Amino acid sequence: ARVALLPRTGDLTKLRWLEVEPCQVFRTANAYELDDGSVVVDAVVYRRVFDRSRQGLETSQTRLERWLLDPERGHVERKAFSDCKQEFPRFDERRATQPYRYAYTIGIDVEQIGPQPLYRHDLETGRVSRHDFGPHHVPSEAVFVPRKADGAEDDGWLISYVYDMEADRSAVVIVNAQDLGGDPQAVVELPVRVPLGFHGNWIPDAV
């Protein structure tokens with residue numbers, strides 16, 4: 001397996017291939033460049049796919065990792081942050097392409113659908129916090145919304161569609177990003193089921 005690294009202002013002559021131990025990445029959190037030209041990438045990594053599950057997602061083998069891409073040596077240094085079964089990494093998008101501290105993921109287990117938590121990863125201390133939505137509740141991707149434009153990186157809310165398997169319907173659940181162990185800030189009941197895994201980004205027509 002290899003990773004292709006292309007400078008944003010470069011052409012194919014500046015493309016660099018970096019060897020990495022075989023694995024699978026569907027989604028990344030943030031990424032940013034260091035002063036020495038190396039690149040940090042945080043991602044949910046699968047050791048294997050299509051090994052046991054027909055869906056291909058071997059969630060018993062996922063973990064949140066940090067990759068340090070060194071284009072000069074053609075090397076990828078990998079560091080594990082968390083071995084939780086998890087997916088759909090998000091972060092405060094105001095920090096996109098910049099160093100940051102917090103990443104958020106949700107629990108996922110395609111081999112046994114059931115209640116799953118929301119995780120907050122402190123990438124400086126390694127501490128993992130979690131919010132449990134209830135005994136029959138499965139969340140989708142959690143999006144971070146800052147409380148104010150110039151607020152602290154974790155000062156805001158995490159918003160997720162949460163499916164109640166017993167009631168067969170969903171709700172929008174809003175959690176305080178600084179207090180995952182606390183009660184939700186708000187719950188907006190929906191009259192329908194939002195499919196598990198629904199996720200995406202809203203992009204303005206003009207910035």
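**Reading burial, contacts and backbone angles**

Me: Gly156 has a relative accessible area of 0% and is buried. What does buried mean as a cut-off?

Reply: A residue counts as buried when its relative accessible area is under 20%, so Gly156, at 0%, meets that condition. Please keep in mind throughout that this is a predicted model. Gly156 belongs to strand 13, which covers residues 156-164.

Me: Which residues does Gly156 touch, once those up to four places away in sequence are not counted?

Reply: Contact is a matter of heavy atoms within 4.5 Å. For Gly156 the list consists of Phe144, Val145, Pro146 and Arg147, together with Val175, Asn176 and Ala177. For a separation in space one can take C-alpha positions instead: Gly156 and Asp70, which are 86 residues apart in sequence, lie 34 Å apart by that reckoning.

Me: Asn176 appears in that list. In which strand does Asn176 lie, and is Asn176 buried or exposed?

Reply: Asn176 lies in strand 14, residues 169-176, and its relative accessible area of 15% makes it buried. Leaving aside neighbours within four places in sequence, Asn176 is in contact with Gly156, as well as with Arg147, Trp157 and Gln185. The side chain of Asn176 also reaches a backbone atom, namely the nitrogen of Gln178, at 2.9 Å.

Me: Now a charged residue: where is Glu65 found, and is Glu65 buried or exposed?

Reply: Glu65 is found in strand 5, which runs over residues 62-70, and with a relative accessibility of 1% Glu65 counts as buried.

Me: With which side chains does the side chain of Glu65 make polar contacts?

Reply: A polar contact is a pair of N or O atoms within 3.5 Å. The side chain of Glu65 has such a contact of 2.6 Å with the side chain of Arg63, and another, at 2.8 Å, with the side chain of Arg78. Arg78 also appears among the residues in contact with Glu65 when neighbours within four places are left aside, a list that further holds Val41, Asp42, Ala43, Val45, Lys79, Ala80 and Phe81.

Me: How should I treat a loop residue such as Leu123; is Leu123 buried or exposed?

Reply: The burial test is applied in the way already described, whatever the element. Leu123 sits in the loop between strand 9 (117-122) and strand 10 (128-132), and at 8% relative accessibility Leu123 counts as buried. Beyond four places in sequence, the contacts of Leu123 are Asp42, Leu64, Arg66, Phe81, Tyr100, Arg101 and Ala103. The C-alpha atoms of Leu123 and Ser160, which are 37 residues apart along the chain, are separated by 22 Å.

Me: And Pro135: where is Pro135 found, and is Pro135 buried or exposed?

Reply: Pro135 is in the loop between strand 10 and strand 11 (137-139), and at 60% relative accessibility Pro135 counts as exposed, the cut-off for that word being over 50%. Between the C-alpha atoms of Pro135 and Met165, 30 residues apart along the chain, the separation is 9.2 Å.

Me: What is phi of Phe88 near, and what is phi of Thr97 near?

Reply: When reading phi, note its sign and whether the residue is glycine. Phe88 has a phi near 50° and Thr97 has a phi near 65°; the value is positive in a residue other than glycine for Phe88 and likewise for Thr97. As to their settings, Phe88 is found in strand 7 (residues 86-90) and is buried, with a relative accessible area of 7%, whereas Thr97 is in the loop between strand 7 and strand 8 (102-107).

Me: Turning to the whole chain, how many helices and strands does the chain have, and what radius of gyration does the chain have?

Reply: The chain has zero helices and 15 strands. A compact globule of 207 residues would have a radius of gyration near 17 Å, and the chain, with 18 Å, agrees with that. Along the principal axes, the C-alpha atoms fill a box of roughly 55 × 45 × 35 Å. Of the 207 residues, 43% count as buried, and the accessible surface comes to about 12000 Å², with 49% of it belonging to carbon and sulfur atoms.

Me: What share of contacts between residues at least 6 apart in sequence join residues at least 24 apart, and how far apart are the mean positions of the positive and negative charges?

Reply: The share of such contacts is 42%. As for the charges, the mean positions of the 26 positive and the 34 negative ones are 2 Å apart.

Technical notes. Residues are numbered from 1 along each chain as its sequence is written. This is a predicted model: local features need pLDDT of at least 70, side-chain atom pairs count only at pLDDT 80 or more; totals for chains, interfaces and linings use all residues. Side-chain values use heavy atoms; hydrogens and water are left out. Helices (H or I, at least four residues) and strands (E, at least two) are DSSP runs, numbered from the N terminus. The radius of gyration is taken over C-alpha atoms; the globule rule is 2.2 Å times the number of residues to the power 0.38. Buried means under 20% relative accessible area, exposed over 50%, partly exposed in between (1.4 Å probe, protein chains only). Accessible areas come from the Shrake-Rupley method with a 1.4 Å probe; for residues, only the protein chains shown count as cover. Lys and Arg count as positive and Asp and Glu as negative; His and the chain ends are not counted. The place of a charge is taken as NZ of Lys, CZ of Arg, CG of Asp or CD of Glu. A polar contact is a pair of N or O atoms within 3.5 Å; within protein, one must be able to donate a hydrogen and the other to accept it, and residues adjacent in sequence count only if both atoms are side-chain atoms.
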